[in-house]
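Reader: I'd like a close look at just one part of this model, told in plain bench talk. Pick a piece and walk me through what surrounds it.

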Amino acid sequence: MHEPRPHPTGWIEVVVGPMYSGKTEELIRRLRRAQIARQRVEIFKPAIDVRYGADHLVSHSESRIPSQLVATANDILPLAGEAQVIGIDEGQFLGPDLPKVADRLAEDGKRVIVAGLDQDYRGQPFEPMPQLLAIAEYITKTLAICVVCGAPASRTQRTRPEHGRVVVGGAGLYEARCRRCHTIPDETPAGSGAGGSTPGQNATETA
Ligand SMILES: [Zn+2]
């Protein structure tokens, strides 16, 4: 995996993949390196995801780094200040303005690093990550290992029926699977939350 070289203008880096592929760990690794170089770093994550505490990014392997909670991508702009590096985790929960906000920050000369899910539990592109990938300078896809067959896993399997696209949960509700072992859970079609819903419109629950 290559590291971007120092550059006089800003840019956007995106780290995407399924759950348990090490996205947050990779984000924390890049942010730490910037901090070691004494760059000013500001880190944000969506208020929806407080699984491991509100004031830190924490990876599944327990790496952690202090962060601020924001409701949507637009909340990041006034908080970015003089930061040279902006880290954003769980980008898929920050709403449709995330690409625009990341673009604005990069135009301001900042290095913007966003991690998030590229697909939802059905294997469909998870907005606004596709739009963000389109405008990013650097893209890293992380893969997990399929818990069923051991192949490289690009998808997130929901292991029990829940309504809606946004159901925050950790171990137990989701697992990584390859495209052959991934299945879409049976859902009652009457549920209004299934299908074309957008992040933030559904009730969420924490596992
Ligand atoms: Zn598999």
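Author: A word on names before we start: helices (H or I, at least four residues) and strands (E, at least two) are DSSP runs, numbered from the N terminus. By that count the chain has 12 strands and four helices. Keep in mind that this is a predicted model.

Let's take strand E7, residues 111–116, and start with the sheet that holds it. Six strands make up this open sheet, in the order E5-E2-E6-E7-E1-E8, and they pair in parallel. At the edges are strand E5 (68–70) and strand E8 (138–141), each of which has a partner on one side only. From one strand to the next, the twist averages 20 degrees.

In that order, E7 has E6 on one side and E1 on the other. Its pairing with E1 is parallel and runs over six bridges; for a landmark, look for Ile12 opposite Val112 of E7. On the other side, E6 pairs with E7, again in the parallel sense, over four bridges, and there Val85 stands opposite Arg111. If you carry on past E1 (residues 11–16), you get to E8, joined to E1 by four bridges and also running parallel. Val14 of E1 has Ile139 of E8 as its bridge partner.

So what about burial? Six of the six residues of E7 are buried, so the strand is largely enclosed by the rest of the structure. That goes for both faces: Arg111, Ile113 and Ala115 are buried on one side, and Val112, Val114 and Gly116 are buried on the other.

Now for the helices around it. Helix H1 (residues 23–36) packs on the sheet, where it touches E7 along with E1, strand E2 (41–46), strand E6 (85–88) and E8. The direction of H1 makes about 160 degrees with that of E7. A good residue to click on in your viewer is Leu27: leaving out residues up to four places away in sequence, it touches Ile113 and Ala115, as well as Val15, Leu57, Gly87 and Asp89. Ile113 and Ala115 are on the side of E7 that also has Arg111.

Helix H3 (residues 98–107) lies across E1, E6 and E7, at about 155 degrees to E7. Together, E6, H3 and E7 make a right-handed β-α-β unit. After H3 comes Gly109, with a positive phi near 95 degrees.

H3 has its own buried residues, namely Leu98, Pro99, Val101, Ala102, Leu105 and Ala106. They span an arc of only 165 degrees around the axis, which puts them on the same side of H3. That fits a familiar rule: an α-helix has 3.6 residues a turn, so residues three or four places apart point the same way. The buried residues of H3 pack against E7, and also against E1, helix H2 (76–80), E6 and H4.

Much of this comes together in the nonpolar core. The largest one has 35 residues, and Val112 and Val114 of our strand are among those with the most contacts inside it, along with Val14, Leu27, Leu31, Ala102 and Leu132. The elements giving two or more residues to this core are E7, E1, H1, E2, E6, H3 and helix H4 (129–135). Of these, H3 gives the most, with five residues. As a general point, nonpolar side chains tend to be buried together in soluble globular proteins. Another core, of eight residues, lies apart from this one; Tyr20, Ala153, Ala176 and Cys178 are among its members.

One last stop is the Gly116 end of the strand. Met129, which lies in helix H4, is in contact with Gly116, and also with Val16, Gly91, Gln92, Leu117 and Asp118, leaving aside neighbours within four places in sequence. Met129 has 24 other C-beta atoms within 10 Å, so it counts as buried, the cut-off being 20 or more.

To put E7 back in its setting: buried residues make up 39% of the 207 residues in the chain, while in E7 six of six are buried. And among contacts between residues at least 6 apart in sequence, 75% join residues at least 24 apart.

How values were computed. Residues are numbered from 1 along each chain as its sequence is written. This is a predicted model: local features need pLDDT of at least 70, side-chain atom pairs count only at pLDDT 80 or more; totals for chains, interfaces and linings use all residues. Two strands pair if DSSP finds at least two bridges between them. Axes are lines fitted to C-alpha atoms, for helices over the stretch in contact, and angles run from 0 to 180 degrees between N-to-C directions. Two residues are in contact if their C-beta atoms, placed from the backbone, lie within 7 Å. A nonpolar core is a set of buried Ala, Val, Leu, Ile, Met, Phe, Trp, Tyr and Cys residues joined through C-beta atoms within 7 Å. A residue is buried if 20 or more other C-beta atoms lie within 10 Å of its own, exposed if 12 or fewer, and partly exposed in between; C-beta atoms are placed from the backbone. A crossover is right-handed if, with the strands pointing away from the viewer, the path from the first strand over the helix to the second runs clockwise. The arc is that of the directions from the helix axis to the C-beta atoms.
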